[in-house]
Amino acid sequence: MVVNNPNNWHWVDKNCLAWSKEYFDEKLTNLEVEEGGSKVKIANVSSVEGDVDVSQRKGKVISLFDVRIVLTFKGSNDKTDDINGSITIPELAYDSSSAGLVFDTSIYNESSENSNIADLIKRKLIPELRKKLMQFGPDLIEINSKDIQLEADKVTSTYTKANLTQSNKSEFESGSKGQSTTSASVTKPTSAQQAKSSSSVPKYNTTTLHLEPTFNTSAEQIYLTLLDTSRIAAWTRSSPEIESFPPKKGSSYKFFGGAVSGKILKLVPNEQIVELWRLQDWKEGHYAELDMKLIQSSGETKVVVKFSGIPIGEEERVRDNFEDMYIRSIKITFGFGAVL
């Protein structure tokens, strides 16, 4: 309920990025298609990055959004039940059309055994995703406008009341006739945000980040490069503070003279590294979670990077720094691939 906004006259903004992540989690996770002996389903929403705002003034409600979404999927067919990959939607915006949406599919460890999954995704899963994604705009308005507007029966101005009615009508009839909407769910804190449960830990609105760099080397070499003291010193060009290889679960680290710090949460040799991760100037006590899965194929290793709990507004900074100070530096230092 809006307070101190008589007759819905003033401009009111609501940042809905965190809500959007919950929305896509609910609508897209476990979406599944199958054909013959093959099936594929969305395993999780790995990343939602961008801007999502709902605003109202003089009784009119508008939404402006432009997001990049990364989904991970699991699949199986008659030959294998261990098919994994990601689908990236580079842009879903307030003016996007269904036909204009782009879907970039990446199958980890692609081979002749799982090649038919890409075709199944293209023919059956993507059409279902288009329907779900095009419902986002109407649902965004319907659910979130309730928090920034007084109800019509509490508005005495005929001008703003008319705007409210017309705004709702135009938004809801623009592409969602006959489709039901669902109520917003409460945003759950990530494990990174729960790292310290004290009420004194500052709170951020947070978002996620997904990257998939590829290195021309083995998973074993990448694992060692990310955790061994001498190798970290080489690609950070500084003296890291980290336990001798392999560091223990729960141990702390500092890189780049303390500009980056955190704690080791989980290590699966040559397969996965999970850390608490923070930049030095973030509010004390706030950490993102950095999950790096190492997927080795013939001659190269893809590192599936997922950050959870990045403060909203810091996404581009984290992306640029990670791509430059981690990925690019490692490739240049050890010759693990072309530098773009």
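This is a chat about helix contacts, a leucine and some aromatic pairs in a predicted model.

Trainee: Let's start with helix 1 and helix 3. At what angle do they cross?

Mentor: Helix 1 covers residues 17-28 and helix 3 covers residues 136-144. Their axes come within 12 Å and cross at roughly 125°.

Trainee: What do we call that, then?

Mentor: The angle falls outside the ranges for parallel, antiparallel and perpendicular, so helix 1 and helix 3 are oblique to each other.

Trainee: Left-handed or right-handed crossing?

Mentor: Helix 1 passes helix 3 in a right-handed crossing.

Trainee: Which residues make the contact?

Mentor: From helix 1, Trp19, Ser20, Tyr23, Phe24 and Lys27 take part. Helix 3 contributes Phe136, Asp139, Leu140, Ile143 and Asn144. Sorted by class, the contact has six nonpolar, two polar and two charged residues.

Trainee: New topic. Where is leucine 226, and is it buried or exposed?

Mentor: Leucine 226 lies in helix 5, residues 219-227. Its relative accessibility is 8%, and the cut-off for buried is under 20%, so leucine 226 counts as buried.

Trainee: What is leucine 226 in contact with?

Mentor: Setting aside neighbours within four places in sequence, leucine 226 is in contact with Ile232, Trp235, Ile273, Met292 and Ile330. There is also a C-alpha to C-alpha distance to look at: leucine 226 and tyrosine 326 are 9.0 Å apart in space, with their positions 100 residues apart in sequence.

Trainee: Now the rings. How many aromatic pairs are there in the whole structure?

Mentor: A search finds 17 aromatic pairs. One of them joins tryptophan 235 and phenylalanine 255, with ring centres 6.1 Å apart and planes at 80°.

Trainee: Why is that pair edge-to-face?

Mentor: Planes over 60 degrees apart count as edge-to-face, and the planes here are at 80°, so the pair gets that label. Tryptophan 235 sits in helix 6 (residues 229-236) and phenylalanine 255 in strand 9 (residues 252-255), 20 residues apart. Tryptophan 235 counts as buried at 1% relative accessibility, and phenylalanine 255 is buried at 2%.

Trainee: What about phenylalanine 307 and phenylalanine 322?

Mentor: They form an edge-to-face pair, 5.4 Å centre to centre, with 90° between the planes. Phenylalanine 307 is in strand 13 (residues 300-311) and phenylalanine 322 in helix 7 (residues 315-334), 15 residues apart. Both phenylalanine 307 and phenylalanine 322 are buried.

Trainee: Which residues form the aromatic cluster?

Mentor: Trp235, Tyr253, Phe255, Phe256, Trp277, Trp282, Phe307, Phe322 and Tyr326 form one cluster. Trp235 came up earlier as a contact of leucine 226.

Definitions and conventions. Residues are numbered from 1 along each chain as its sequence is written. This is a predicted model: local features need pLDDT of at least 70, side-chain atom pairs count only at pLDDT 80 or more; totals for chains, interfaces and linings use all residues. Side-chain values use heavy atoms; hydrogens and water are left out. Axes are lines fitted to C-alpha atoms, for helices over the stretch in contact, and angles run from 0 to 180 degrees between N-to-C directions. Helices (H or I, at least four residues) and strands (E, at least two) are DSSP runs, numbered from the N terminus. Angles under 35 degrees count as roughly parallel, over 145 as roughly antiparallel, 65 to 115 as roughly perpendicular and the rest as oblique. A crossing is left-handed if the near helix is turned anticlockwise from the far one by less than a right angle, and right-handed if clockwise. Contact means heavy atoms within 4.5 Å. Ala, Val, Leu, Ile, Met, Phe, Trp, Tyr, Cys and Pro count as nonpolar, Asp, Glu, Lys and Arg as charged, and the others, Gly among them, as polar. Buried means under 20% relative accessible area, exposed over 50%, partly exposed in between (1.4 Å probe, protein chains only). Rings of Phe, Tyr and Trp (its six-membered ring) pair if their centres lie within 6.5 Å; planes under 30 degrees apart count as stacked, over 60 as edge-to-face and the rest as tilted.
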